[in-house]
Amino acid sequence: MHLNASPANQMEAEGDGLLRLLLLLLGYISRTQRAGDRRQPAGTPRKRRSGSREFPLGRRAACDIYWHGVSFHDNENIVSGQVNKFPGMIEMLRKINMSRAVRTMQELFPEEYDFYPRSWILPEEYQQFTTQIRLVKDNDASVNPTFIVKPDGGSQGDGIYLIRDPSDLKLMAGSQAKQAVVQEYIQKPLLIDKLKFDIRLYVLIKSLEPLEIYIAKEGLTRFCTEPYQEPSQKNLSHVFMHLTNYSLNIHSGNFIHSDSQSTGSKRTLSSVLYRLAAKGVDIKKVWSDIIALVIKTVIAIVPELKVYYHADIPPGKPGPTCFQILGFDILLMKNLKPVLLEVNSNPSMRIEHEQEVAPGVLEYVPSPVDKEVKVGVIRDTLRLMDPGLKKPSISQKEIPTEAETQARIPDDGTLPSLCLKQVYPKYSKQFNYLRLVERIAALFIRFLGVKGNMRLGPTAFRTFIRTCKLSSSNFTMASVDILYIDITRRWSGATPDSREAGMGLQAYMDAIFYLAARRFKSLALREQVASLLELCEAQLESPSSVEERRSVSCSRAPPPRANRTQTLGLTHPQPYSPSPLRRAASQDYRLHQRLKPRALKVNVEN
Ligand code: ADP
């Protein structure tokens, strides 16, 4: 196996952490070999006992695996092999986009997606937020909810604060409105040793098509360093009490570094689960709820990811395939229900931590707890992705035994048991029905046409309507044009600087919801959408549709005149009104903006 893990990417992303981790690779390299490597001239490929070779400075010939530090776009010239990042993942997992994706699922499957706290997107939903909170308080004066405000691009707890009243929102950054998510604060988390903690779980998306998800059996738990109290006006600013971020709590005098996996401020997930089991908690149920949360979350983000994927690696164009390790941050409520806090696209793979070895002197020292969890994740990922190796059999117990978790990485290089467990398609039967939005994305992609495009133009939208036979005497093509204009305007209204015209996937979903509601009035939303999709998919299967699409895609019709001249609303036969839950206006331009890797936050140690 040829592994391209260039130091430019590597060091930026991980410092020495991942590099060492890769070198270790459970015996892929021994101590003496490492010493030998250092004497080799720069750029010399490093041989691994597994037969793989690492090219830290890159390689002209193709590699089997490209290990990027930040984003898919770290290296634009890859035409084969596998890259450890998906295009668009960073954008998708930003707080606002993540909230949108989950919210769409909440509209369709409210019960299945109740693991994500109620959220509002700022500034666009400021009014809804304040009105809803006032209403709740007016109805019952004893209700005094707390909210957590998270800046859109933030990580490691940066810029996060708690509020109890909408008037405490800090809405502006200079003259600019702050992009943020304000979220219901979970007031009753599960406590251990009187401390709030959260779970960091590593999840591998091995492929998008077909969808393959693996979950690491072992994870980390990160503890607060000040005993927890339910939020009150007095303690709202106590970050060591309310925020579990490692990067914050490490600065508390109470932070405990421990070489043991079951004590200290960072512990293994299994040590916490066994402690709960000892108290009589049904940890199998907790674990299966966590697996369900992970699968449902991935299902929520996959549709948009597929659009990015299609834009960067269109079918037919030579390109790599992708996989990615994600870091899921999960909170357990007092009633043991897992809650999704966020998903990190670049979870830190450091296996050291900073320690004050002498007064004022900080040094990186090995962290056995991190090593226990992360080495297995990287090792199994490489094994699963290695084209030359036989796929491991995934018949494993759901939770590692205590003996397994105690097992250290052996110095002799033998491989301990696998830690990544396949959960999808293994449990696909239980979750497949949730993949409705993916079918919307498939339609969207089908009509995108031009390679590299992520937005539907007016002609393509008309083609979609015509091919799927969605227009009628009651819903003429003129109405279709107005619908297109109306929705795209709503989605770009708040983005005067957006240069990208057209209808993105989110806007297209609004169109689908609207068309579905129009056509299948008597059904519930989910059935409306499913029925419309069935109708469209059936039309697309018919031979005449192929011919029609071909002829329309060849003709370069100008956008409907209404785009420039028509007065919106006045001529609309049936004014478009999105469901109240669906966002009215949007700033999804961020979603489609290609962020430069340099500007992106690198691996997040929360
Ligand atoms: P960041 O990316 O900045 O780490 P997170 O969404 O992970 O942002 O939030 C930071 C921390 O705040 C979490 O680790 C958790 O301890 C706490 N937190 C976040 N959201 C909530 C919530 N809805 N309820 C309770 N605590 C939360």
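Mentor: A salt bridge is counted where a side-chain nitrogen of Lys or Arg lies within 4 Å of a carboxyl oxygen of Asp or Glu. The model above is predicted, so local features need pLDDT of at least 70 and side-chain atom pairs count only at pLDDT 80 or more, whereas totals for chains, interfaces and linings use all residues. Residues are numbered from 1 along each chain as its sequence is written, and side-chain values use heavy atoms, with hydrogens and water left out.

Trainee: How many salt bridges does a search of the whole structure find?

Mentor: Side chains of opposite charge can pair when their charged atoms come close. One such pair is R222 with D198, and another is D165 with K137. Searched as a whole, the structure gives a count of salt bridges of 26.

Trainee: Which residue forms a salt bridge with R222?

Mentor: The closest N and O atoms of R222 and its partner D198 are 2.9 Å apart. This pair links distant parts of the chain, with R222 in strand 15 (residues 220–223) and D198 in strand 13, 24 residues apart; helices and strands here are DSSP runs numbered from the N terminus, with H or I over at least four residues for a helix and E over at least two for a strand. R222 and D198 are both buried, a word that stands for under 20% relative accessible area, while exposed is over 50% and partly exposed lies in between (1.4 Å probe, protein chains only). D198, R200, R222 and D329 are linked in a network of salt bridges, and within it the partner of R222 asked for is D198.

Trainee: R267 forms a salt bridge with D193; is R267 buried or exposed?

Mentor: The closest N and O atoms of R267 and D193 are 3.0 Å apart. The pair joins distant parts of the chain, for R267 is in strand 16 (residues 266–268) and D193 is in the loop between strand 12 (191–192) and strand 13 (195–207), 74 residues apart. D193 has 42% relative accessibility and therefore counts as partly exposed. R267, because its relative accessibility is 6%, counts as buried.

Trainee: Where is K137, given that the pair links distant parts of the chain?

Mentor: The side chains of K137 and D165 meet in a salt bridge with an N to O distance of 3.6 Å. The two residues are 28 apart and D165 lies in the loop between strand 8 (161–163) and strand 9 (172–173), whereas K137 is in helix 6 (residues 126–139).

Trainee: What percentage of the exposed area of the ligand does the protein bury?

Mentor: Of the 23 residues around the ligand, each with a heavy atom within 4 Å of it, the nearest are K150, G157, T244, N245 and E342. Its polar contacts, which are pairs of N or O atoms within 3.5 Å, include one of 2.8 Å from a ligand oxygen to an N or O atom in the side chain of K95, one of 2.7 Å from a ligand oxygen to a backbone N or O atom of G157, and one of 2.8 Å from a ligand nitrogen to a polar backbone atom of I186. Taken alone the ligand exposes 540 Å² (Shrake-Rupley method, 1.4 Å probe), and the share of this that the protein buries is 100%.

Trainee: How far apart are the end C-alpha atoms of helix 10?

Mentor: Helix 10 (residues 283–312) has 30 residues, so at 1.5 Å a residue it should span 44 Å, the expected span being 1.5 Å times one less than the number of residues. Of these 30 residues, 26 are buried. The end-to-end C-alpha distance, which agrees with the expected span, is 41 Å.

Trainee: Which proline does a cis peptide bond join to L122?

Mentor: A cis peptide bond also joins Y424 and P425, with omega about 15°, and P425 sits in the loop between strand 22 (420–424) and helix 13 (428–431). The proline next to L122 lies in the loop between strand 6 (119–122) and helix 6. With omega about 5°, the residue joined to L122 is P123.

Trainee: What is the relative accessible area of Q156?

Mentor: Q156 is found in the loop between strand 7 (147–151) and strand 8. Its phi is near 55°, a positive value in a residue other than glycine. Q156 counts as partly exposed because its relative accessible area is 23%.

Conventions. Polar contact = N/O pair within 3.5 Å; in protein donor to acceptor, adjacent residues only side chain to side chain.
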